[in-house]
Structure formats: C-alpha cells, structure tokens
Amino acid sequence: MTGRRRSGRRAVCCLAALLALQSLTGCGDTGSADRADTGDRSVQRLLDRWGRAVRDRDEHAYLAAVDPAARGYRDERRQVFANLGAVPLASWEYRLVRTRGTGGRVVAETELRYRLAGYDTAPVTAPVRLTLVRRDGRWFVAGQESRQGGGQLWEQGTVTAVRGRSSLVLAVGQDQERMRVLAALADRAVPAVESAWSGGWARRVVVEMPASLERMADLLGSPASQYRGIAAVTTGEGGGAGAAPADRVIVNPEAYGVLGDFGRRIVLTHETAHVATRAATSPATPLWLSEGFADWAAYRTTGRTPRQAAPELASAVAAGRAPQSLPEDADFGFAGEAGRLARAYEEGWLACRMIAEGWGEDRLVAFYRKVGERKQRAGAVEAALREVLGIGAEEFTARWRSYVAKAF
C-alpha cells in the first residue's frame, strides 16, 4: 500500500497508503522590513551549524545551538541526538523557507533534508517548524513542532539498526531477532521485484518499525484507526519525471505480527514494488493500477490461484455481486468497510494479472510507465490502453469483467 503524507506521503499494506512528503504550507511571506529584522541570513547560518553538528556527530555543537534557557527542550534534544546514534547519515541539513514574527522571538518554517548512507539516492524532505530566540545578538533554537504527525522515528526513542544485503531496518522498541527476520524478508523482496520491474530504481529498501500502531500513525500524521489491520505502508510522493524522493516502508508491528510467513513475504514484496515503481508513478496513475501492480509483483511467482489470493472477491462473485467497473481511488480508503478495501486490491491485482497474461509482462510494465508519464488523470489510462495494448477503455473493462468471472 502506498501512502502520501498530507500537510496540515498507503501506506502500503500490504495495503499501502497514499500519503506523501509535501511542501510546506503556512504563514504568508513576511515583509522586507520583517525579514531584515529577523535576520534570515543569520538564522540560516544557525541552521547550517545545527545540521553540520548532526552530520559530524558533535553533541556539544548541536546543543550549543539550543536556547540555554529552554532546559526542557535542551534535554529533549540531547535525547534525540542520542537516539540518532545508530542511524547511518549521509547528509542532514535545514533550509529556511520563511520566518514569521519580529524582534527577539520568531517562528521559522524550515525544511529538513537528510539521506541515509548507502540507501537513499535522493533526500527525505520533512517540514519542521522551529521557534527561535535571539539573545545577545545570537539566534538559538528554543522549540520545534513537526508539521506532519510525530516527526521522524528517532523522535520516538532510541533507534536500532539492522543491515541486510539490500535492506536497512530501523526500529524503536523492537528486538534484534525480529528485525533480522524483517531484513531477510526485505532482502528477498528486492530481487523478486527486480524480476518484475527491472531498471530505474536503487534496488534497496529502508524499513521502519515503530513500537506500536499508535506510533506508526504518528509517523504518518493520521489517526491510528486508519491503519488498524494494515500491515505496512510505503511513504513517498509520485515522481512521473524520472526521479522520486526516498521511500520508507513503515511496518505496523501489531498487524504485521499476526501474519504468517507467507503473508509477511507478500507484504514486504508488495511494499518494495511501490519503492521500485515510485519514479514512474504520477497523479495520473489510478490506485487500481499502482496497488494492482504491487500485488501482481508480490504474487507473481507464488503459484497462488485467484481463489486463494482473492477470497473477498471470490465470495462476492459467488453471491452474484461481481464488479462492473474497475475500483475507484475512494475504494482504497482505510476508513471504509474492510471487505470493500480488500476487494479493491483484489480487483486491481486481477486487472494487472490479465494484462500480463494476455499481452505479456513487458507490456504491463510499459502500460504502467505510459500512464505515469502523464501529469493529470484525465485521459491517461485511455491513451495508454490504446497506445500500449491497442484496446479501448470500454473493451478493456468488458474483458476484465469476463476475466474476473472466469477466475472463480
């Protein structure tokens, strides 16, 4: 499942979720007099020093940027700095977007950008709102508020890291053995996805496992009720232009924990498929295609039949409730009826399976890429159907209905 974080980046679960890292919204631009008064250049220099201290693992320099009078916040930052100890950072910097206020106390809208060494080819970008104070002509950080849920994993506790061949698992409150098993499954998922979607991705995956469902929801900036029963979510933002920011597969330790070995394997492969296809996914890509492709990649070599892999849809067809149209994006909502969500995934999977069987796997990949080349949804699928598969939308839907009926 893929997910986009909303301000104000499916998760993928193996149902994955549609949240994504977004641009900052917030205060209007301050006037030129205010900018001069707050000293944006000196603020950026403070941020540069703070970021450099994290990169250099220099706790003294990091805390020197914190307001001496903000003792509680200073203790909090000391703990967060320690929590980052096992995280392999390649870069860490803050970019000042705008400031609000005048005099000796301002709010700074900033953008945290960081990369994990050996895993991220592009930075993760997260909005952070900082409170700054000026004392004796110097700026200090006096407080902060993450603009998306609970911020980053290291804000929740000490991070433990386990490296696999092609994976990095970062966790809080999890034992090492559970993390090693998770890394092994992620390592297995990478070549499985590579065989279905070759080229154009880093062939590495970063997995985060927080301590609880509530903590997972904090990371995603949404209510925990939206992810209950969802095993994992992939955060990211659709590319569609040959590039995409770093993805994170965020695992729900509760729902993931009740799955069997096969289910966990499907979840990790599904989510890894989202990582692989991110740069070719755009606002034009419907969820039935992105989620269906991820499930197709996950089930592709398992030998599972439609009846085994799509039990909710099988029951609906047996009850005379066969689908008449491909699922809408709204059908993939986490807050709706659980059976409808499961059927939406299963319907998307069978659509992609039909393309792979009827036109070939290469055509399925080409179709996915062609849809993602568009910037807007209108007409994207129809044009790709004609160009890649040589078929119109109505005929495609009719073939899919017949395929679903015969599958069960």
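**Note on aromatic contacts and helix H9**

1. Trp50 has 0% relative accessibility and therefore counts as buried, the cut-off being under 20%. This value, like those below, comes from a predicted model.

2. The model holds 16 aromatic pairs. One of them joins Trp50 to Tyr94: the ring centres are 5.3 Å apart and the planes make an angle of 25°, so the pair is classed as stacked, given that stacking calls for planes under 30 degrees apart. Trp50 belongs to helix H2 (residues 40-55) and Tyr94 to strand E2 (residues 89-100), so this contact links distant parts of the chain, 44 residues apart.

3. Is Tyr94 buried or exposed? Tyr94 counts as buried because its relative accessibility is 6%.

4. Trp50 and Tyr94 are also members of one aromatic cluster. The other residues in that cluster are Tyr62, Phe81, Trp92, Tyr114 and Trp154.

5. Two arginines have their charged ends over aromatic rings. For Arg204 the ring is that of Tyr119, with the charged end 5.4 Å from the ring centre. For Arg304 the ring belongs to Phe262, and the distance to the centre is 3.8 Å.

6. Helix H9 covers residues 287-299, which makes 13 residues. From first C-alpha to last, H9 reaches 18 Å, close to the 18 Å expected at 1.5 Å a residue. How many residues of H9 are buried? The count is 13 of the 13, so H9 is largely enclosed by the rest of the structure.

Terms used: Residues numbered from 1 in each chain as written. Predicted model: local features only at pLDDT ≥ 70, side-chain atom pairs only at ≥ 80, totals over all residues. Heavy atoms only, no water. Phe/Tyr/Trp six-rings, centres within 6.5 Å; stacked < 30°, edge-to-face > 60°. Helix = DSSP H or I, 4+ residues; strand = E, 2+ residues; numbered from the N terminus. Buried < 20%, exposed > 50% of the residue type's maximum accessible area, 1.4 Å probe, protein only. Lys NZ or Arg CZ within 6 Å of the ring centre and 35° of its normal. Expected span 1.5 Å × (residues − 1).
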